[in-house]
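Charged side chains can be followed pair by pair in a structure. The paragraphs below do this for one protein model.

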Amino acid sequence: MIADSFNLVAAGAILISYLLGSIPMGLILTKITGHGDIRKVGSGNIGATNVMRIGGLRLAALTWILDMAKAIAAVCIGYAVADVVFAAWCGFAAIVGHCYPIWLRFRGGKGISSLFGVLLASSPLSFAICAVEWLAVALTSGYSSLGAVFVFCTMPVLGFVFGNGLGWPFLAIGLLCLWRHRSNIGRLIHGTESKIEWKWKK
């Protein structure tokens, strides 16, 4: 009976985490600031990179922070139910929601900002390493997506190295985000990927 109750609570935590992740922060922010529907601009993505194209760096930074925050909230829900491993799986559910939001017919972002939220809340050391790595690669190469790919590959390794059972949820997150970036990877290989365009304001 106790086990059944826990399973029900755990399932509820996963569902709530998914729904949190599904909140399209980039779309909401661009609409309320008068920049229109971000899905009709640039890449059509609802993430921070596309937000910067129409709203500038400040709005993109706010989008990034809020996308991180919803993943952090999901991890905190997981902590309230069980241990750090379950919390990381709740974070994974939030990233699934970000990438495939029920509110937008499952057409969402690519998960990088929410990924950093999960890292910060579940493994601060992994967050620091991945953040430095992403910045170093993105700033030196000019490709945000290249820095992201490095993070997706490094994150599972850190999860297994540092222990605590985080390797498997980190691997799931890395694979999901790699899949979501498959078009970017193709453009990187063919030399047609767009470089970062820093715009303070629009």
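A helix here is a DSSP run of H or I with at least four residues, and helices are numbered from the N terminus. The model is predicted.

Helix 3 is a place to begin; this helix covers residues 48-81. K70 and D67 both belong to helix 3 and stand three residues apart, which is about one turn of the helix. Their side chains form a salt bridge, with 3.2 Å from N to O. Are these two residues buried or exposed? Both K70 and D67 are buried.

How many salt bridges does the model hold? The count is three, and the pair K70 and D67 is one of them.

Another salt bridge joins the side chains of R39 and D37, where the N to O distance is 2.9 Å. The relative accessibility of D37 is 16%. Buried means under 20%, so D37 counts as buried. R39 has a relative accessibility of 37%. Partly exposed covers the range between under 20% and over 50%, and R39 therefore counts as partly exposed.

The side chains of R187 and E193 also meet in a salt bridge, at 2.7 Å from N to O. E193 has 10% relative accessibility and therefore counts as buried. R187 has a relative accessible area of 31%, so R187 is partly exposed.

To go back over the pairs, K70 and D67 are both buried. In the pair R39 and D37, R39 is partly exposed, whereas D37 is buried. In the pair R187 and E193, R187 is partly exposed, whereas E193 is buried.

Notes
Residues are numbered from 1 along each chain as its sequence is written. This is a predicted model: local features need pLDDT of at least 70, side-chain atom pairs count only at pLDDT 80 or more; totals for chains, interfaces and linings use all residues. Side-chain values use heavy atoms; hydrogens and water are left out. A salt bridge is a side-chain nitrogen of Lys or Arg within 4 Å of a carboxyl oxygen of Asp or Glu. Buried means under 20% relative accessible area, exposed over 50%, partly exposed in between (1.4 Å probe, protein chains only). Helices (H or I, at least four residues) and strands (E, at least two) are DSSP runs, numbered from the N terminus.
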